[in-house]
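Colleague: I'd like to learn how to read a protein model from the ground up. Could you walk me through one?

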Amino acid sequence: MLNSILYFEQFCIKNFEKLEDEFLKNPENFAEYVFGLTDLLCKLGTEMLRDSLETMDRMLCESAFRRKSWTIEAHHTKTLVTSLGDVTFQKTLFLNKQTKQRAYLLDQILGLEPKQRLTEDAAARMLEEAVQTSYRRGAQQVSLGTQVSRQTVKNRIHALKFPPATQTSEPKKKVDWLYVDADEDHVALQFREKKGDLVKAENGVKNNGLIAKMVCVYEGKEEETIPSRRRILTNRHYFCGVNSGEANLQFWDDIYQYLKNNYDLDQVKKICLNADGGSWIRTGARRLKGVTYVLDGFHLEKYRIKLVSHLNRKERTGVLEEFRKTIRNQTKKDFRELVENQKKGMPKWRKQRPIFCPTRQRRNCV
């Protein structure tokens, strides 16, 4: 700490006074004053960190207990990237007398992995920005005084492992309605396990497609606090995965376990699964007890337009409205009768193409 105090007296005080004098002469440059203070304080912080780390290393070198098992091998320089900036310090390489193992005891005390440069505070700052914006922004925001490469950000994110959701609400919530929104996104991969492992099919297309599955569980909607037409989902909880086969079944079982742990399902009137009808989603509808499948509004409109695509523009408007009223207020039988009536005017090739038929379940879940 003595070196930090000397650094503060010899360097910081003089520069603090200089910054204040410049600000008093030009008060309109307040922002420059703030930036200058921030830079000086960061440098003081990194100097204090360097001083503390070298003091710890020196204590290890002088320790009588350490001498019983370890001898000094060499001294090296290391740079750590912290949220304040780069910290460069001297550390000692020790040799174990019995096992002949070489180790930096200071790294072991700090919990640093071999060749680790980022400290936990810098990594947290980097990841917080990266998940909100991009790898580039995460690399820039890792520290107040430095930045890392985008590849470093990517490697840290891909190395993350998330434990399964074990959130439990005690006592269990009692709600009338629960909603499960499910959707997917198609991702184009550069490789699966390593570069060059993508294989082309007979049609010349690479098997680089991946479906990312996303599910959101929530209790309903409520207005935003400020006057707005937008609404927010209440008590939402997210599930994501790239599962297939048996893993997809486990994915839905985990979702049901979350519902079972946090809600009194005997008191829930209905669980609505809002989705577009994908096969993996229909599998989920069969895995969740008491769930009602609901076609989302976008795809409902898409299928309704397909049903009247053979009509001209004038005829289409009235028929679309008739379909809308039938879906909202009548039964599946009425809807099928309306579809059969529309088939009469369709060309033969059009009749052979199946269209998903929404049911009256949507009316109960809107």
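Modeller: Let's start with confidence, then go on to overall form, and finish with the sheet and its helices.

Colleague: Okay, how far should I trust what I see here?

Modeller: Keep in mind that this is a predicted model. Where pLDDT is low, don't read the predicted coordinates in detail. Here the protein chain has a mean pLDDT of 84, and 92% of its residues reach 70 or more. Residues 358-366 are a weak spot, with pLDDT below 50. That stretch still has 28 contacts in the model beyond its near neighbours in sequence.

Colleague: And what is the chain built from?

Modeller: Count the helices and strands: the protein chain has 14 helices and 10 strands. Then look at the spread. The radius of gyration is 32 Å, well over the 21 Å that the globule rule gives for 366 residues, so the chain is more spread out than a compact globule. Its C-alpha atoms fill a box of roughly 95 × 65 × 55 Å along the principal axes.

Colleague: What share of the residues is buried?

Modeller: Buried residues make up 34% of the 366 in the protein chain.

Colleague: Now the sheet. In what order do its strands lie?

Modeller: Read a sheet from one side to the other, pair by pair. This one is open, has 5 strands, and goes β8-β5-β4-β9-β10 with mixed pairing. The edge strands are β8 and β10, each of which pairs on one side only. From one strand to the next, the twist averages 20 degrees.

Colleague: Which pairs run antiparallel, and which run parallel?

Modeller: β4 (residues 177-188) and β5 (residues 209-218) are antiparallel, with 10 bridges between them. In that pair, D183 sits opposite M214. β5 is also antiparallel to β8 (residues 237-241), through 5 bridges, and there V217 faces H237. β9 (residues 270-275) and β10, on the other hand, run parallel and share 5 bridges. A275 has L295 in β10 as its bridge partner.

Colleague: Where do side chains point in a strand?

Modeller: In a regular strand they alternate between the two faces of the sheet.

Colleague: Last one: which helices lie across these strands?

Modeller: For each helix, check what lies under it and at what angle. Helix α8 (residues 246-262) lies across β4, β5, β8 and β9, at about 10 degrees to β5. Helix α9 (residues 279-287) lies across β4, β5, β9 and β10, and runs at about 155 degrees to β4.

Notes
Residues numbered from 1 in each chain as written. Predicted model: local features only at pLDDT ≥ 70, side-chain atom pairs only at ≥ 80, totals over all residues. Heavy atoms only, no water. Pairing = 2+ DSSP bridges. Helix = DSSP H or I, 4+ residues; strand = E, 2+ residues; numbered from the N terminus. Axes fitted to C-alpha atoms, helices over the stretch in contact; angles between N-to-C directions. Contact = heavy atoms within 4.5 Å. pLDDT = per-residue confidence, 0-100. Rg over C-alpha atoms; globule rule 2.2 N^0.38 Å. Buried < 20%, exposed > 50% of the residue type's maximum accessible area, 1.4 Å probe, protein only.
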